[in-house]
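Let's take a walk through this model, starting from the inside. Have the sequence and the coordinates open as you read.

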Amino acid sequence: MNRGYLFIAIATVMFGTFEVALKYIAGEVNSVQLTFARFFIGFLFLAPLAWRTLKKRGLSVSGRDLGYFALLGLVGIALCMPIYQLSVNYTDSGVVAVLFSCNPVFVTFLAFLFLGEPIRGRHIAALVLEVAGTVAIINPFETRLNMVGVALTLAATILFAIYGVMGKKKVAQFGGPVVTCFGFLFGSLIILVFIGVTHIPAVADAILGMGLPAFANVPLISGYTLENLPVVLYVSAGVAGIGFCAYFMAMEYQPASIVSLVYFFKPALSPVLAWALHGEEIPFNMLMGIILIVAGSFCAIVPGAIEAKKGIAFSRF
């Protein structure tokens, strides 16, 4: 099995279980606090692997590289994640999750513009099927969408697409573990500074005045218990550490446009897990959406896998 597809499968499972795992600790930990914990613990989890990768490749990290990683952490973690969480205040979380999963559309075209990755017929076909599946899950004819929430979600989606393409540029040089580890470090440090700022009375009052209490006086330690610690560690070391690392390691073997399809698998996998673990129903429109999304993802992946295995040139498709 191509290692790239193995890493895609790992990332899909990790990302697909995120919201399902969070349901076990809903309301117990502040969302910004948890974001900091996720990525800082993820950094600690990946640091030894990143160090070994650098040593194995005989590389060192320059000041310019650190600046690039800081920008990566700012875009993909410090900006993207809080905006993503903020969007949930304005529209249904399920709609937000599905809209965010459309980031492969943006990755495909950003990767074409900045990485020179080709856009082939199978990519377009996959995007059409997956967007159709996403629309089926959202069911816009029966869902009243708040445009502020939609705008925030699209902003987070574009930021994450930029994060993926930016990371791809450094993966070939440093490897997935290093890119992920340093992005996590700087992203979590920026969030830590933000947490400190939210305790300034004038800032806290301004945030409260905007009707966003979750972003004011953000705690750092309180809220964690022995009962919720296993879930916190799972979404940190597992979803963030292993998931994001697998995401970037997959880019060592596959184009960014193919790797980003994990976010189209996510809205198909998450409802199934929610049904299995929490007993949540899967309505007909969601079932049809899942079928379309899976069909689209296979449309993009299977021809590439056959091409890699048999050496057949799918230059037009």
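A residue counts as buried here when its relative accessible area is under 20%, and as exposed when that area is over 50%, with partly exposed in between. Keep in mind that this is a predicted model. Now look at Tyr-247: its relative accessibility is 0%, so Tyr-247 is buried.

What does Tyr-247 touch, once residues up to four places away in sequence are set aside? Its contacts are Ala-11, Phe-15, Phe-160, Gly-164, Val-259, Ser-260, Val-262 and Tyr-263. Tyr-247 also belongs to the largest nonpolar core, a set of 73 residues, where Phe-160, Phe-184, Phe-244 and Tyr-247 have the most contacts inside the core. Helix H11, covering residues 229-250, gives the most to this core, with 11 residues.

On to the rings. The structure holds 16 aromatic pairs. One of them joins Phe-36 and Phe-40, which are stacked, with 5.6 Å from centre to centre and 10 degrees between the planes. Both residues sit in helix H3 (residues 31-57), four residues apart, or about one turn of the helix. Are these two buried or partly exposed? Phe-36 is buried, because its relative accessibility is 12%, while Phe-40 is partly exposed at 28%.

Phe-160 and Tyr-247 make another pair, and this one is tilted because the planes stand at 50 degrees, with the ring centres 6.1 Å apart. This pair ties together distant parts of the chain: Phe-160 is in helix H8 (residues 147-174) and Tyr-247 in helix H11, 87 residues apart. Like its partner at 0%, Phe-160 has a relative accessibility of 0%, so Phe-160 is buried. Zoom out a little and ring pairs link Phe-15, Phe-39, Phe-160, Tyr-163, Phe-184, Phe-244, Tyr-247 and Phe-248 into a cluster.

Two members of that cluster, Phe-244 and Phe-248, lead us to Thr-180. Leaving aside neighbours within four places in sequence, Thr-180 is in contact with both of them, as well as with Leu-46 and Cys-245. Thr-180 lies in helix H9, residues 176-197, and counts as buried because its relative accessibility is 0%. Where does a polar atom of its side chain find a partner? The backbone oxygen of Gly-176 lies 2.8 Å from that polar atom of Thr-180.

One last stop involves a ring with a lysine over it. Lys-170 lies over the face of Tyr-68, at 5.1 Å from the ring centre.

Note on methods
Residues are numbered from 1 along each chain as its sequence is written. This is a predicted model: local features need pLDDT of at least 70, side-chain atom pairs count only at pLDDT 80 or more; totals for chains, interfaces and linings use all residues. Side-chain values use heavy atoms; hydrogens and water are left out. A nonpolar core is a set of buried Ala, Val, Leu, Ile, Met, Phe, Trp, Tyr and Cys residues joined through side-chain atoms within 4.5 Å. Buried means under 20% relative accessible area, exposed over 50%, partly exposed in between (1.4 Å probe, protein chains only). Helices (H or I, at least four residues) and strands (E, at least two) are DSSP runs, numbered from the N terminus. Contact means heavy atoms within 4.5 Å. Rings of Phe, Tyr and Trp (its six-membered ring) pair if their centres lie within 6.5 Å; planes under 30 degrees apart count as stacked, over 60 as edge-to-face and the rest as tilted. A charge sits over a ring if NZ of Lys or CZ of Arg is within 6 Å of the ring centre and within 35 degrees of the ring normal. A polar contact is a pair of N or O atoms within 3.5 Å; within protein, one must be able to donate a hydrogen and the other to accept it, and residues adjacent in sequence count only if both atoms are side-chain atoms.
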